[in-house]
Amino acid sequence: MGRTWLMMLKLLMMVTRMRSAANELTFSVFTTTSKSMTMRWTAHTDATSYKITATPKNFTGRSFSALFDGDSLMGSVNSLSPNTVYTVRLDAMDDAFNVLSSAETEETTAPEVPSIVQAYSKHSDSITVEFTEVAGATGYTIRAGLQSAEFFSETTVDSSPATVVGLQPYTDYRLSVISINLGRRSQPSYPIKARTVVTAPDLKTASPDDDTILVTWTPVKHAVLYALCIIRQGSSSRLKVDTADRNVTFSDLEAGTTYCIKGEARDAEGRAGDDLTVCQITRPRSPDLIHIQLIQGGTLSMAVFWESAQEDEDYLAWTNNGQNCTNTANNHCYISTLGCGQNDSVSVKAFNSAGPSFPSQPVDFITYPCPPDNIWVEEAKADVCSVTWDEVPLVEFYMAFIKRDDGTEDLCNTTGTSCNFLCVCGYTYLISVFPYNRAGANPFANVQNYTTVPCCPNAVSLKWASTETLEITWSLVKGSELYQTTAKQADDVVRCNDTAPVCALSDLRCNKVYSVVVTACSELRGCNRTCPTHTHETAPCSPEIQNLTQFNHSSYRVHFTTPNTQNTDYTITAVGRYDSHTCHGRITYCALTQLPCGSTYEVTAVAVTTAGRSLPGYSTILETGPCCPDSVNVRQVTQSMTNVTWSVARGTRSFVAALTSQHGHAKCHTMDTHCLMGCISCGTNYSVTLEAISNTGHASQCKYHGFSSSACCPTNIKLYRWANNSIRVCWRSSRTPPNQEYTVELYGTTGNYTCHTAPDGKNCNIQEESCGDVYTVMVAPIGPDGVKVDFCQQRTYSVPCPGFNSGIVISRGRSIK
């Protein structure tokens with residue numbers, strides 16, 4: 001119950017706070033004018049009407065009220081005084097006009113509405129407005145708008161008069177003024193109309209000659225007349241012109257003088273619009289050319305002098321062939337790099353910003369002649385040359401200079417176009433031809449190089465650098481820039497070009513005789529083709545080994561090719577790790593003898609002639625058969641198995657051991673020096689062979705002394721009780737060699753007994769000391785060396801004492817496992 005009551009109390013307090021917030025009254029000023037205020041407020045829950053009262057604050061005056069119904073949230077109070085501070089009160093009332101809630105604020109009315117005195121336009125983009133200023137105003141706003149309401153602007157100013165800018169030319173505007181204080185604005189003044197003036201004409205000026213200025217412009221919209229005024233710079237005299245045209249020409253002006261032209265347009269009412277002033281200088285007068293002077297130096301140039309003109313900014317001097325020079329500071333300039341052989345004239349123009357003057361009177365001049373373009377030399381006969389050149393204009397005579405590369409000089413003076421001079425082989429001549437006229441000689445001339453044919457080299461030496469390369473050396477010769485060496489043999493031609501007096505001719509054919517010529521060459525004259533020929537034989541061709549055949553255990557026949565002439569010796573060399581062997585021959589083979597087994601040799605063939613020794617032919621590997629082991633040992637380990645061992649053999653990688661007999665054979669292949677072989681027969685004679693095999697599969701057959709397997713172990717061994725407390729041991733044997741002997745060993749708990757048989761015996765008696773014992777019996781054949789075979793199997797038997805079962809009882813041997 002207590003919990004429910006607490007929740008209801010909290011809910012009641014929440015509703016009370018919400019109702020209190022809803023009844024809180026706030027209001028503010030929406031807008032003011034000079035004589036009114038508009039207020040807005042928040043609604044009061046229980047109010048049925050609202051009342052606004054405005055009372056002057058700073059003086060005693062009448063209050064003004066306005067009443068509004070309960071649904072209103074905005075209202076105005078009128079008939080107020082301009083520029084006055086009011087205390088504004090809002091009362092929320094019920095049906096009995098009791099005040100439920102109130103709120104107050106302060107607000108100032110806007111100043112008085114100003115009035116426009118006049119408005120006029122002096123520029124096409126602005127209108128100036130004069131208006132009455134009112135008390136309490138801190139500023140004013142000028143409104144400008146078009147009649148069509150397509151344009152509207154406001155400009156804030158401090159006082160009258162004021163100008164509105166950013167307008168269109170020759171356009172009607174409606175203008176009004178609003179006073180401002182503390183951000184409050186009065187109502188606009190009564191509007192008036194005003195029109196902007198036309199724009200200024202866009203004047204373009206030019207000076208077509210030195211006493212005229214032409215002024216042109218494009219039409220100005222709404223203009224019916226144009227007024228121009230021209231004044232010379234530095235003068236007070238003026239000339240005014242009114243015209244309806246779009247161009248005016250001012251003539252009879254001074255050359256090189258600056259004039260300023262002011263222009264304005266007027267509308268149909270005669271109002272002058274914007275004005276524009278431009279200045280134009282007239283072209284300069286034609287300069288007076290005084291004289292010219294040719295200057296010889298690195299290049300031919302000309303100095304041109306003239307008399308300066310008034311207000312000139314630049315001068316241009318030019319020749320008829322297009323060469324020119326300019327100068328802005330002095331009364332002369334230099335035309336550099338004049339062409340030779342010119343018969344021309346030069347003129348001068350003066351320039352300023354208006355353009356060029358008329359050209360001066362031309363002055364003629366002549367330059368020294370050009371050098372001839374084509375100079376050539378002909379060698380009519382040995383040591384006599386003739387130089388010839390093309391004829392050139394403006395020439396009085398020619399001077400030809402001939403200089404040899406060792407410093408010797410020659411000179412020829414002629415009015416013709418050729419000269420003769422002495423020329424010897426192996427030299428280069430530099431030839432220049434200079435033409436002359438009254439202007440002098442051209443300081444430059446084309447130089448013609450002429451080189452006589454070089455002489456043939458001397459002291460030519462030929463020697464071999466290698467079996468296929470011939471090295472040729474010779475002495476240097478005068479006038480040679482390149483040496484060409486040629487070796488020819490039938491259709492085979494090998495060439496070598498070099499600037500040094502040495503050459504190597506490579507890749508020559510073997511066993512051939514070559515004709516060798518060393519020729520001296522120059523780039524201009526080519527090669528001397530009269531040089532002598534030298535012969536030289538190349539080294540023999542390399543023989544190649546065709547095959548190797550073995551004709552006994554240590555000798556091999558080497559077969560090889562014989563690619564050279566008959567007088568050729570061939571040497572075959574076999575080089576091994578530890579030794580080498582050689583054979584010689586002139587036919588297609590020779591024999592290498594006494595080569596040890598288990599060796600590998602590299603066999604090559606070389607040919608030798610009087611011209612030298614060939615390169616070795618391709619080598620061939622000769623592998624002799626692997627060596628046989630020095631000793632082989634065969635040891636029998638069981639009745640049917642032997643262990644064969646042998647010594648190490650050089651050159652052998654693996655072995656095949658074989659035991660062969662009439663009853664069969666045994667074989668094994670191993671890389672070891674021993675082998676375990678089974679399946680042999682007892683009592684059989686075997687032949688022993690061994691095959692030694694190298695890494696490459698080369699095999700040697702090795703034979704050794706025979707091997708005889710031991711006699712077979714006895715079978716069907718039996719024990720019999722014999723007379724006089726003895727035991728007879730009997731057996732059977734197969735493949736028994738003649739005179740075979742056996743040994744019998746009997747082991748019991750009371751003693752051990754041994755018995756040897758006679759040759760070819762099949763039983764043996766053993767005297768027993770005590771009867772009824774258990775015996776272990778082994779019967780084994782005795783080998784030729786007197787040693788018993790130790791691999792026969794033992795057996796165990798029980799032998800009863802005499803009298804058992806009465807009479808003589810043969811006790812069967814029983815194997816006890």
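1. Two strands pair if DSSP finds at least two bridges between them. In this predicted model, strand E16 (residues 204–209) and strand E17 (residues 212–216) run antiparallel and are joined by four bridges. The two strands form a hairpin with two residues between them, and a student who wants to find the pairing in the structure can begin at Asp209, whose bridge partner in E17 is Thr212.

2. A second piece of strand pairing belongs to an open sheet, in which four strands follow the order E19-E18-E21-E22 with antiparallel pairing. The edges of this sheet are strand E19 (238–243) and strand E22 (272–281), each of which pairs on one side only. Neighbouring strands of the sheet are turned against each other by 20° on average, when direction is ignored. Within the sheet, strand E21 (residues 258–266) pairs with E22 in the antiparallel sense over eight bridges, and Thr258 stands opposite Ile281 in E22. When looking along such strands, it helps to remember that in a regular strand the side chains alternate between the two faces of the sheet.

3. The next points concern charged side chains. Side chains of opposite charge can pair when their charged atoms come close, and a search of the whole structure finds 20 salt bridges. One of them is formed by Arg89 and Glu104, with the closest N and O atoms 3.5 Å apart. This pair links distant parts of the chain, since Arg89 belongs to strand E6 (residues 85–93) and Glu104 to strand E7 (residues 99–108), 15 residues apart. Are the two partners buried or exposed? Arg89, at 30% relative accessibility, counts as partly exposed, while Glu104 has a relative accessible area of 53% and is exposed, because the word exposed is used for values over 50%.

4. Another salt bridge brings together the side chains of Glu154 and Arg143, at 2.8 Å from N to O. Here too the pair links distant parts of the chain, with Glu154 in strand E11 (residues 152–157) and Arg143 in strand E10 (residues 139–145), eleven residues apart. Glu154 is partly exposed, with a relative accessible area of 36%, and Arg143 is also partly exposed, with a relative accessible area of 24%.

5. A salt bridge between loops is found where the side chains of Asp405 and Lys478 meet, at 3.7 Å from N to O. Asp405 lies in the loop between strand E33 (397–404) and strand E34 (409–414), whereas Lys478 lies in the loop between strand E40 (469–473) and strand E41 (482–489), so that the pair links parts of the chain 73 residues apart. Asp405 has a relative accessible area of 41% and is partly exposed, and Lys478, at 41% relative accessibility, counts as partly exposed as well. Elsewhere, salt bridges that share partners join Asp172, Arg195, Asp267, Glu269 and Arg271 into one network.

6. Aromatic rings deserve a separate point. A pair of aromatic rings is described by the distance of the centres and the angle of the planes, and a search of the whole structure finds 15 aromatic pairs. Why does the pair of Phe397 and Tyr436 count as stacked? The ring centres are 4.7 Å apart and the planes stand at 5°, and planes under 30 degrees apart count as stacked. The pair links distant parts of the chain, because Phe397 is in strand E33 and Tyr436 in strand E36 (residues 428–437), 39 residues apart. Phe397 is partly exposed, with a relative accessible area of 26%, and Tyr436 counts as partly exposed at 25% relative accessibility. In another place, ring pairs link Trp41, Tyr50 and Phe68 into a cluster.

7. Some charged side chains are placed over rings. Arg195, which was named above as a member of the salt-bridge network, lies over the face of Tyr170, at 4.8 Å from the ring centre. In a similar way, Arg404 lies over the face of Tyr427, at 4.3 Å from the ring centre.

8. The last point is about a single residue, Ser357, which is placed in the loop between strand E29 (355–356) and strand E30 (363–366). Is Ser357 buried or exposed? At 7% relative accessibility, Ser357 counts as buried, because buried means under 20% relative accessible area. If residues up to four places away in sequence are not counted, Ser357 touches Pro284, Arg285, Ser286, Pro287, Lys349 and Ala350.

How values were computed:
Residues numbered from 1 in each chain as written. Predicted model: local features only at pLDDT ≥ 70, side-chain atom pairs only at ≥ 80, totals over all residues. Heavy atoms only, no water. Salt bridge = Lys/Arg side-chain N within 4 Å of Asp/Glu carboxyl O. Buried < 20%, exposed > 50% of the residue type's maximum accessible area, 1.4 Å probe, protein only. Phe/Tyr/Trp six-rings, centres within 6.5 Å; stacked < 30°, edge-to-face > 60°. Lys NZ or Arg CZ within 6 Å of the ring centre and 35° of its normal. Contact = heavy atoms within 4.5 Å. Axes fitted to C-alpha atoms, helices over the stretch in contact; angles between N-to-C directions.
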